[in-house]
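Reader: I would like to learn how to read a structure like this one. Please take me through it feature by feature.

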Amino acid sequence: MAPRRILIDTDPGQDDAVALLTALASPELDVVAITTVAGNVPLPLTSRNARMMVELAGRTDVPVHAGCPRPMVRTLYTAEYVHGPSGIDGAELPEPTIPLAPGHAVDVLVDTVMAAEPGELTFCTLGPLTNVAMAIVKEPRIAGRLAGLVMMGGGFFEGGNVTPAAEFNIYVDPHAAHVVFTSGVPITMLPLDVTHKALTSDARIARFRSLGTRAGDAVAGMLDFFDRYDEEKYGTDGAPLHDPCVIAYLLEPSLFAGRRCHVDIEHHSETTMGMTLVDWWGVTKRDPNALVIDTVHADGYFELLVDRIGRLR
Ligand code: BDR
Ligand code: CA
């Protein structure tokens with residue numbers, strides 16, 4: 001089967017970094033481009049970190065394009081308190097040598113989709129939806145030409161991780177999320193309800209370290225750093241490994257389960273800004289606009305990640 005053609009929009013972030021490495025190591029996926037957005041850390045750092053992952057994976061054939069430096073309406077809110085000042089603290093890696101590819105991420109998203117056959121490309125989003133929403137605003141026809149958009153973001157029964165109501169990626173740019181969820185693009189959403197079932201642990205991190213490779217060491221180092229915040233917050237052994245769920249879902253959807261629902265994005269009330277209103281029980285009778293995933297086979301998920309990171313030399 002021909003590899004699935006994807007564009008990854010990301011704000012690395014340790015968990016984004018693991019997602020990028022997993023995608024770049026997987027022959028079932030053709031990563032057409034990586035686009036960066038401001039989120040966990042400001043845009044210059046997310047763009048640096050994405051290039052570091054491309055180099056670590058030995059995949060400098062994949063272009064990295066920088067996108068929007070701030071959300072559509074709100075002031076940028078970053079999460080160095082989780083990820084450290086660089087966004088990928090814990091990885092002992094050299095500065096990247098490859099430059100950013102020419103072309104703004106928003107233009108790349110639009111032009112790549114318009115040049116491809118309808119249904120050929122899938123967007124994978126690991127951060128705030130600013131670039132994707134701006135692309136939809138610029139060229140609304142892309143929503144109908146995509147095979148789909150698979151995203152990490154939101155939360156419903158699990159609540160939020162930035163406020164009691166909101167998950168980080170949606171909270172940072174709720175207006176962008178509103179644009180995306182009302183665009184008609186087929187969405188698969190991996191919210192906190194599933195990622196909170198995909199916890200790293202000392203034993204799982206040790207599996208990456210025991211690969212004995214640069215990529216294995218970098219992943220183990222990053223996850224050791226990333227863990228500390230959520231372990232203290234939730235009292236767990238390990239942290240939710242959010243963003244690789246998107247790539248794992250593409251590679252092995254049978255590891256996951258969910259249901260089709262209508263999802264609204266709160267973008268008016270300051271108290272609940274960025275909340276994802278998932279109509280899990282179908283009480284509004286509105287047509288579903290997303291497949292909302294709430295279950296993962298966690299052991300299978302980590303097996304898959306270790307296997308893929310283990311392929312990088
Ligand atoms: C999401 O926010 C970021 O901190 C992570 O990279 C992930 O994309 C989890 O809420
Ligand atoms: Ca992210």
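Reader: How many salt bridges does a search of the whole structure find?

Author: The model is a predicted one. The search finds 14 salt bridges. To count as one, a side-chain nitrogen of Lys or Arg must be within 4 Å of a carboxyl oxygen of Asp or Glu. Asp 30 and Arg 5 make such a pair, with 3.3 Å between the closest N and O atoms. The two belong to distant parts of the chain, Asp 30 to strand β2 (residues 29-36) and Arg 5 to strand β1, 25 residues apart.

Reader: Are Asp 30 and Arg 5 buried, exposed or partly exposed?

Author: Buried means under 20% relative accessible area and exposed over 50%, with partly exposed in between. Asp 30 counts as partly exposed because its relative accessibility is 29%, and Arg 5 is partly exposed at 28%.

Reader: Which parts does the salt bridge of Glu 303 and Arg 207 tie together?

Author: The side chains of Glu 303 and Arg 207 meet at 3.0 Å, N to O. Glu 303 is in helix α13 (residues 298-309) and Arg 207 in helix α10 (residues 202-209), so the bridge ties together parts 96 residues apart in sequence. Glu 303 is partly exposed, with a relative accessible area of 43%, and Arg 207 is partly exposed at 35%.

Reader: What about Glu 139, which forms a salt bridge with Arg 141?

Author: The closest N and O atoms of Glu 139 and Arg 141 are 2.9 Å apart. Glu 139 is buried because its relative accessible area is 14%, whereas Arg 141 counts as exposed at 55%. Salt bridges can also form a network, as they do in linking Glu 28, Asp 307, Arg 308 and Arg 311.

Reader: Which residues are the protein donors of the calcium ion (ligand 2)?

Author: Asp 11, Asp 16 and Asp 243 donate through OD atoms, Asp 16 being listed twice, and Leu 126 donates through O. These donors lie 2.2 to 2.5 Å from the ion. Their spacing in sequence reads D-x4-D-x109-L-x116-D. Asp 11 and Asp 243 link distant parts of the chain: Asp 11 is in the loop between β1 (4-10) and α1 (14-24), and Asp 243, 232 residues apart from Asp 11, is in the loop between α11 (214-234) and α12 (244-251). Asp 11 and Asp 243 are both buried.

Reader: How should I read a nonpolar core?

Author: In soluble globular proteins, nonpolar side chains tend to be buried together. Here the largest nonpolar core has 66 residues, and those touching the most other members are Ile 8, Met 53, Leu 190, Phe 208, Phe 256 and Tyr 301. Another core, of 38 residues, lies apart from it and includes Leu 146, Leu 149, Met 151 and Val 292.

Reader: What is Ile 8 in contact with, leaving aside its neighbours within four places in sequence?

Author: The contacts of Ile 8 include Leu 20, Val 31, Ile 34, Cys 124 and Ile 247. Leu 126, a donor of the calcium ion (ligand 2), is also among the contacts of Ile 8.

Reader: Which residues make a nonpolar patch on the surface?

Author: Phe 157, Trp 281 and Val 283 make one of about 420 Å². Phe 157 lies in the loop between β5 (148-152) and α7 (168-172). Phe 157 is exposed because its relative accessible area is 55%.

How values were computed. Residues numbered from 1 in each chain as written. Chains lettered and ligands numbered in written order. Predicted model: local features only at pLDDT ≥ 70, side-chain atom pairs only at ≥ 80, totals over all residues. Heavy atoms only, no water. Core = buried A, V, L, I, M, F, W, Y, C linked by side-chain atoms within 4.5 Å. Buried < 20%, exposed > 50% of the residue type's maximum accessible area, 1.4 Å probe, protein only. Contact = heavy atoms within 4.5 Å. Patch = residues over 30% accessible without salt bridge, like charges linked within 9 Å, V, L, I, M, F, W, Y side chains within 5 Å. Areas by Shrake-Rupley, 256 points an atom, 1.4 Å probe, with all protein chains shown as cover. Helix = DSSP H or I, 4+ residues; strand = E, 2+ residues; numbered from the N terminus. Donors = N, O, S within 2.8 Å, 3.2 Å for Na, K, Ca; no water.
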